[in-house]
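Good morning, colleagues. Today I should like to describe the surroundings of the ligand, and then turn to the interior space of the protein.

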Amino acid sequence: MREIAVSGVRPTGKQHLGNYLGAVVNFVRMQEEYDGYFFIADLHSLTTHPRAADLQANVRQTLIEYLACGLDPDKCTLFVQSHVPQISELYLIFNMFAYDGELHKVPTFKDKVRTQPDNVNAGLLTYPVLMAVDILIHHAMKVPVGKDQMQHIEMTRNFGNRFNHTYGVEYFKEPIGFNYGDAPLSVPSLDGEGKMSKSKGENTVIYLMDEPDAIRKKIMKAPSDSGPKEPGQPKTEAVQNLFDLMKLVSKPDVIAHYDQAYHDCAIRYGDMKKQIAEDMTVFLTPIRERIREISADQAYLTRVMEEGGEKARASAQKTVTEVREIIGLKSR
Ligand code: AMP
């Protein structure tokens, strides 16, 4: 039997390079070796995007982009989180195993308190509980996520262990965060600071859908500095981010060339950015074309969602039934 993998992304509009390289490329490889449950986290998205207006369109867009990146519904279970009501039931139960103190300390929660101070809802606080349930409900052992969510996997292990301990069972196993690289990836933001994230503004992210012109404009605007004054000078965060972006899309000899130019204090950031934009365009063009093709077939998208939902509900129901038995809740 194959090991189980679970992960998802929130349907908050178009997916960006961070979601793709931090998570979805791993899903695509994992579907060959694992029993993969890959989903569209629409319930999670309500914590930051509560309006109904765009939700349906965003869910479809995310599905289209998953398929365009290479996820194959014949090889994995591809579903929408809210189509599996068992997740909501187990989420309620798991809130009993998460402590207020530990939830308040989570860096992603603290981040949101800062970025959306007028909507610090309890769903944001219990985001890691819902994520733990997404994972545990299918008994996943591997969870492909970007660096920003690694702590959530540790919390998942804690919640599962507390459940086991409370009821004297060995029911939930310990999942681990996973990716095919040496370390979890963090795709840098185009504003020169931290990770790529839509919450920092449209011009700080590269979308999978972006046309070459938009890619060039955004990358040319990324900050740099006045250049190194002596060989071996450490890079500023903005310049390190440019190098990190280049590493994601450019060939090794190109990267080596700019590394050397930096070392020799001969680097021209304008040229470097043009090169990144060109290589980024080559990298994203096939995905953009597939997005366009798949968008035309709405009936296919509906079928994929329905079939994936059915498979995910069957797996989730088995867990909920067993959990009810362990807890002593009568099944209806
Ligand atoms: P979200 O958009 O928060 O639902 O994230 C979906 C997935 O993309 C998660 O596995 C994140 O860890 C990953 N992700 C989002 N932004 C980045 C980034 N800038 N670098 C690496 N991974 C990311």
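Let me begin with α1, which contributes four residues to the shell around the ligand, the most of any element. Please bear in mind throughout that this is a predicted model.

How many residues surround the ligand? There are 17, and the closest are R10, G146, D148, V187 and M196. Sorted by class, this shell comprises eight polar, six nonpolar and three charged residues.

I turn now to the polar contacts. D148 places a polar side-chain atom 2.5 Å from an oxygen atom of the ligand. The backbone also takes part: a polar backbone atom of V187 is 2.7 Å from a nitrogen atom of the ligand, and a backbone N or O atom of G18 lies 3.3 Å from a ligand nitrogen atom. Of the 480 Å² that the ligand exposes when taken alone, the protein buries 94%. Two elements, β1 (4–9) and α1, each give two or more residues to the shell.

Next, the interior. With a threshold of 30 Å³ or more, the count is one cavity. The largest cavity holds about 40 Å³ of space. Which residues line the largest cavity? They are Q15, N19, Y20, V24, E65, Y66, C69 and L208. Among these lining residues, five are nonpolar, two are polar and one is charged. At least two residues of the lining come from α1 (17–33), and at least two from α3 (55–69).

To close, I return to α1: this helix supplies four residues to the ligand shell and at least two to the lining of the largest cavity.

Notes: Residues numbered from 1 in each chain as written. Predicted model: local features only at pLDDT ≥ 70, side-chain atom pairs only at ≥ 80, totals over all residues. Heavy atoms only, no water. 1 Å grid on protein atoms, 1.4 Å probe; cavity = no way out; pocket = protein on both sides within 12 Å on 5 of 7 lines; lining within 4 Å. Points joined across faces, edges and corners; volume = space filled by probe spheres on them. Nonpolar A, V, L, I, M, F, W, Y, C, P; charged D, E, K, R; others polar. Near = heavy atom within 4 Å. Polar contact = N/O pair within 3.5 Å; in protein donor to acceptor, adjacent residues only side chain to side chain. Areas by Shrake-Rupley, 256 points an atom, 1.4 Å probe, with all protein chains shown as cover.
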